[in-house]
Amino acid sequence: MAAKVDRSRTKFMLDEKDIPTKWYNIQADFKTPAPPVLHPGTKNPIGPPDLAPLFPMELIKQEVSRERWIEIPDEIRDVYRLWRPSPLYRARRLEKALGTSAHIYYKYEGVSPAGSHKPNTAVAQAYYNKKEKVTRLSTETGAGQWGSALALACQMFGLQC
């Protein structure tokens, strides 16, 4: 017997086994690469030597990669499991207000320890810095979400923040 489909369902939860194993790189979809970032002083394209004092080489390689999929290390996925997968909601009222037959969904990232999507990036940044023997990270922050996300990520990988 086929399972009955709940057509009023709004909230969807994936299982932990469905946490992605790869990041999707939108650069692979561009017919021509996005223009390079220009050095503010020289106005020439920034290269790895310009970025190396600020970022781990693995993140620099990802930034310039045209590969469609980038593997997510197991150590990062293990940390993500603390709050991911985050709930997916169907925006039925928005669909109605727009008068569209399209199904519109959004992810609720407030379930992360920092209350935002920011740990998704901070965890990877802390991980790759740790792999390159960085022992301490520092950042500026406005409202504090990025600072708390980075502090959480640093704690996960034994870095000072």
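Trainee: Is Arg84 buried or exposed in this model, and how should I read the value?

Mentor: Burial is judged by relative accessible area: buried means under 20%, exposed over 50%, and partly exposed in between, using a 1.4 Å probe and protein chains only. Arg84 has a relative accessibility of 15% and therefore counts as buried. Bear in mind that this is a predicted model, in which local features need pLDDT of at least 70 and side-chain atom pairs count only at pLDDT 80 or more, whereas totals for chains, interfaces and linings use all residues. Side-chain values use heavy atoms, with hydrogens and water left out, and residues are numbered from 1 along each chain as its sequence is written.

Trainee: With which residue does Glu109 form a salt bridge?

Mentor: A salt bridge is a side-chain nitrogen of Lys or Arg within 4 Å of a carboxyl oxygen of Asp or Glu. Glu109 pairs in this way with Arg84, and their closest N and O atoms are 3.3 Å apart. Glu109 sits in the loop between strand S5 (105–107) and helix H5 (119–131), while Arg84 sits in the loop between helix H3 (74–80) and strand S4 (88–90), so the bridge ties together parts that are 25 residues apart in sequence. Glu109, too, counts as buried, with 15% relative accessibility. Salt bridges with shared partners join Arg84, Lys107 and Glu109 into one network.

Trainee: How many salt bridges does the structure hold, and which others are worth reading?

Mentor: The structure holds 9 salt bridges. One of them joins the side chains of Lys17 and Asp18, at 3.5 Å from N to O; here Lys17 is exposed, at 66% relative accessible area, whereas Asp18 is partly exposed at 37%. Another links Glu71 with Lys22, whose closest N and O atoms are 3.9 Å apart. That pair connects distant parts of the chain, with Glu71 in strand S3 (residues 69–71) and Lys22 in strand S2 (residues 22–24), 49 residues apart. Lys22 counts as partly exposed, at 37% relative accessibility.

Trainee: How many helices and strands are there?

Mentor: Helices (H or I, at least four residues) and strands (E, at least two) are DSSP runs, numbered from the N terminus. The protein chain has 6 helices and 5 strands, and along the sequence they follow the pattern β-β-α-α-β-α-β-α-β-α-α. Its radius of gyration is 19 Å, well over the 15 Å that the globule rule gives for 161 residues, so the chain is more spread out than a compact globule. (The radius is taken over C-alpha atoms, and the rule is 2.2 Å times the number of residues to the power 0.38.) The C-alpha trace spans about 60 × 40 × 35 Å along its principal axes, and 30% of the 161 residues count as buried.

Trainee: Which element has the lowest mean pLDDT, and which the highest?

Mentor: pLDDT is the predictor's confidence in each residue, from 0 to 100. Over the protein chain it averages 92, and 98% of the residues score at least 70. Among the elements, helix H1 (residues 48–51) has the lowest mean, 89, and S3 the highest, 97.

Trainee: How many aromatic pairs are there, and how is their geometry read?

Mentor: Rings of Phe, Tyr and Trp (its six-membered ring) pair if their centres lie within 6.5 Å; planes under 30 degrees apart count as stacked, over 60 as edge-to-face and the rest as tilted. The structure holds 7 aromatic pairs. In one of them, the ring centres of Phe12 and Tyr105 are 5.8 Å apart with planes at 70°, so the pair is edge-to-face. Because Phe12 lies in strand S1 (residues 11–12) and Tyr105 in strand S5, this pair ties together parts that are 93 residues apart in sequence. Phe12 is partly exposed at 23% relative accessibility, and Tyr105 is partly exposed at 38%. The rings of Tyr24 and Trp69 have centres 5.0 Å apart and planes at 70°, so they are also edge-to-face. Tyr24 is in strand S2 and Trp69 in strand S3, so parts 45 residues apart in sequence are tied together. Ring pairs also link Tyr89, Tyr106 and Tyr108 into a cluster.

Trainee: Where is Gln62 placed, and what is in contact with this residue beyond its sequence neighbours?

Mentor: Contact means heavy atoms within 4.5 Å. Gln62 lies in helix H2 (residues 57–64) and is buried, with a relative accessible area of 16%. Leaving aside neighbours within four places in sequence, Gln62 is in contact with Trp23, Asn25, Ile70 and Tyr128. For the protein chain, among contacts between residues at least 6 apart in sequence, 68% join residues at least 24 apart.
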